[in-house]
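Open the model in your viewer and keep the selection panel at hand. We will go from stop to stop.

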Amino acid sequence: MEGDLLLHVLKAPGEMAGLSEEEWDRLLRLARTHRLLARLEPLARDQGIWQELPERARDNIRGAQAWVDHFQLRIRRELMEVRKVLRHLGVPLLLLKGAAYMAEGLPPARGRSLSDLDLLVRRQDLPRVERALLDAGWKSEIEDDYDQRYYREWMHEIPPLVHLLRGVEVDIHHNLLPRTGRYQVPIEKLWEAARPLEANLSVLAPADMLLHSAAHLVVSDELRGGLRDLFDIHQLYIHFSAGDARFPRELPRRARELGLSRPLWYVVQAAHRLFDTPFSPEVLDPAGYELPGPVTGRVMRYLVRETLRPRAPEAGDAAFQRWLLYLRSHWIRMPPGLLAMHLARKSIRRLGGRSAGVAGE
Amino acid sequence: MSASRLREAAGGGGIALRLGPFRVRLVTRLPALLDTLQRLYAPLEAEIPAGIHDFHVQVNRPGGLRGRWRPQALFLLDGEAPFEPFPEDHAFPLFEWGLNYSIATRAHRYCMLHSAVLEKNGRALILPAMPGSGKSTLCAALMHRGWRLFSDEFGLLRPESGELLPMPRVIPLKNESIDVIRTFAPEAVTGPRFPKTRKGDVVHVAPTAESLARQQEGAMPAWIVFPRYRPDVGCRLRPVPGSQAFVRLSNNAFNYHLLGETAYRALTNLVKACRSHDLQYGDLEAAVKTLDQLVS
């Protein structure tokens with residue numbers, strides 16, 4: 001399959017040295033479509049083959065890298081500004097996803113594009129944090145009352161805030177997943193295990209960081225960034241298991257403890273299949289997981305893997321799988337009754353010609 | 001490639017076009033677009049696609065019913081449409097505009113000045129594009145008085161070497177400028193008139209044969225001239241301090257903020273290596289003469 005070339009290179013970056021120009025032409029497009037283009041430079045440099053790559057390929061990768069550097073800088077600056085405003089509140093902040101990878105210098109941070117700053121605060125601190133940011137020039141992105149209420153009642157974050165002058169989206173979470181969804185994460189346990197970076201600033205513990213990414217990937221209704229997130233998980237696993245021999249045993253245990261056994265299982269299966277991630281036997285052993293019935297398990301495993309499989313840009317999205325993914329992600333996120341209400345409301349609005357600016361769209 | 005062969009290739013696996021440092025793969029089933037390309041980029045060096053292409057582009061009729069009663073053309077970059085379709089008879093401006101978009105959003109390997117660039121005696125002149133500058137008109141005029149066209153729109157600067165790279169493309173002229181250039185340079189090869197674009201009537205002037213033939217040959221920058229068209233005044237050239245030239249250039253670059261430090265260093269070196277001037281002109285002949293004297 002066309003997309004296999006990208007998987008092949010991500011699995012074994014040293015292979016980039018032997019690609020023909022025609023293969024590069026395909027690889028560059030695949031990597032760009034899946035937001036992985038800038039990742040190729042650090043992967044090639046680690047192999048010591050960067051200078052050997054065709055100049056036109058390097059020019060394209062460097063162009064993408066310049067973009068990524070710029071956005072990473074914007075996120076760093078935004079974090080600085082947010083902390084400046086929140087300093088006097090003394091509220092603990094926890095960095096999530098890309099911001100955490102950057103702060104810790106983890107492998108996925110290199111060449112990773114990110115557009116939003118994702119932060120976690122405790123629920124009781126949320127009103128103070130939001131007030132302070134609104135007073136300091138951030139503005140809510142969502143003006144519609146229904147959408148505001150939807151966020152506040154059902155989501156795990158408040159409506160995105162954007163500073164008027166800088167335009168970076170700041171997402172303030174109080175949990176990792178929506179309050180209504182199938183997976184409920186006991187958030188206090190994550191705070192307990194968090195690793196402090198500085199006063200009032202921390203990141204998730206290694207296992208929790210990987211589990212967050214896995215859970216996010218499984219409930220997300222986006223196809224585009226999925227392979228990128230799966231590759232993050234692949235790199236995180238390799239990095240954390242190299243640094244701590246207990247990590248592979250800890251991971252499924254922690255997943256059970258946090259009620260994230262299923263998402264971890266689906267994601268481990270997908271990464272194993274698509275990237276040959278060197279999971280140790282205890283991570284691949286189904287006995288370590290709390291799994292659904294065999295039918296649901298197989299269907300989900302198939303769906304997670306196949307919706308992530310890379311496709312050539314002009315092949316478009318597999319419409320049927322996209323639809324399944326949409327249903328699946330909403331089904332995971334909300335109870336059926338609420339889901340029906342929500343979808344109905346959105347359809348009516350769409351017919352009325354108004355854009356539905358609801359999370360994840 | 002013969003016209004029929006070109007059509008066949010363009011409608012199938014596409015044709016590869018050279019655009020200065022870039023290679024474009026174009027798939028199109030619109031013969032009028034190919035005709036205009038052949039006229040304005042003669043000889044059109046189209047090849048069968050092989051190797052790496054920076055931009056994979058399609059310009060075709062969009063699907064759906066609407067196209068049946070009012071034909072449209074849609075620009076796709078890597079299978080995605082960055083903007084709404086144009087009327088089909090505007091496929092050529094759409095292609096040119098789409099390429100500008102593609103380059104401006106992706107080619108961050110270069111520092112991209114929003115300027116016309118021309119070369120004489122192996123050294124490059126930068127004409128930054130300020131609103132109302134008459135830059136395109138002046139650029140087309142210089143090209144027909146012995147200057148080699150690098151670009152009317154993109155000053156492609158290699159940050160590590162300070163070299164400017166050519167990317168000769170058609171020069172779009174608007175409204176009154178069309179007749180000004182036709183009078184000034186009757187030998188200029190022009191394309192069809194596109195009425196009522198967003199910028200009024202547009203006619204494209206072809207790059208000269210020499211500009212196309214030497215499009216792989218870069219040059220070091222030597223002059224920065226900020227042109228300003230003032231019909232009531234004569235021709236006046238005034239030196240501009242480097243610091244001011246820097247500020248004006250950086251505010252006007254496509255990716256100055258995106259490249260950050262890289263662009264800061266590149267522009268600092270550029271301004272140090274150049275003499276900078278303001279040019280007010282009401283008459284093209286006088287402006288061309290003034291610039292020829294400046295560089296001789």
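The tour visits a sheet, its helices, an interface and a loop.

This is a predicted model: local features need pLDDT of at least 70, side-chain atom pairs count only at pLDDT 80 or more, and totals for chains, interfaces and linings use all residues. Residues are numbered from 1 along each chain as its sequence is written, with chains lettered from A and ligands numbered from 1 in the order written.

**The sheet.** Select the strands of chain A in the order S3-S4-S5-S2-S1-S7-S6: these 7 form an open sheet with mixed pairing. Strands are DSSP E runs of at least two residues, helices H or I runs of at least four, numbered from the N terminus. Two strands pair if DSSP finds at least two bridges between them. The edges are S3 (138–140) and S6 (195–198) of chain A, each pairing on one side only.

Now pick S4 (161–163) and S5 (169–173) of chain A, antiparallel over 2 bridges. Leu161(A) has Val170(A) as its bridge partner in S5(A).

**The helix.** Add H6 (126–135) of chain A, which packs on the sheet and touches S3, S4 and S5 of chain A. Contact means C-beta atoms, placed from the backbone, within 7 Å.

**The interface.** Show both chains: 21 residues of chain A are in contact with 15 of chain B. H4(A) gives the most to chain A's side, with 10 residues.

**The loop.** Select Gly218(B), between H7 (209–213) and S14 (220–229) of chain B. Is Gly218(B) buried or exposed? Gly218(B) is partly exposed, because 19 other C-beta atoms lie within 10 Å; 20 or more would count as buried, 12 or fewer as exposed, with C-beta atoms placed from the backbone. Beyond its neighbours within four places in sequence, Gly218(B) contacts Glu163(B), Leu164(B), Leu165(B) and Pro166(B).

Conventions
Two residues are in contact if their C-beta atoms, placed from the backbone, lie within 7 Å. Axes are lines fitted to C-alpha atoms, for helices over the stretch in contact, and angles run from 0 to 180 degrees between N-to-C directions.
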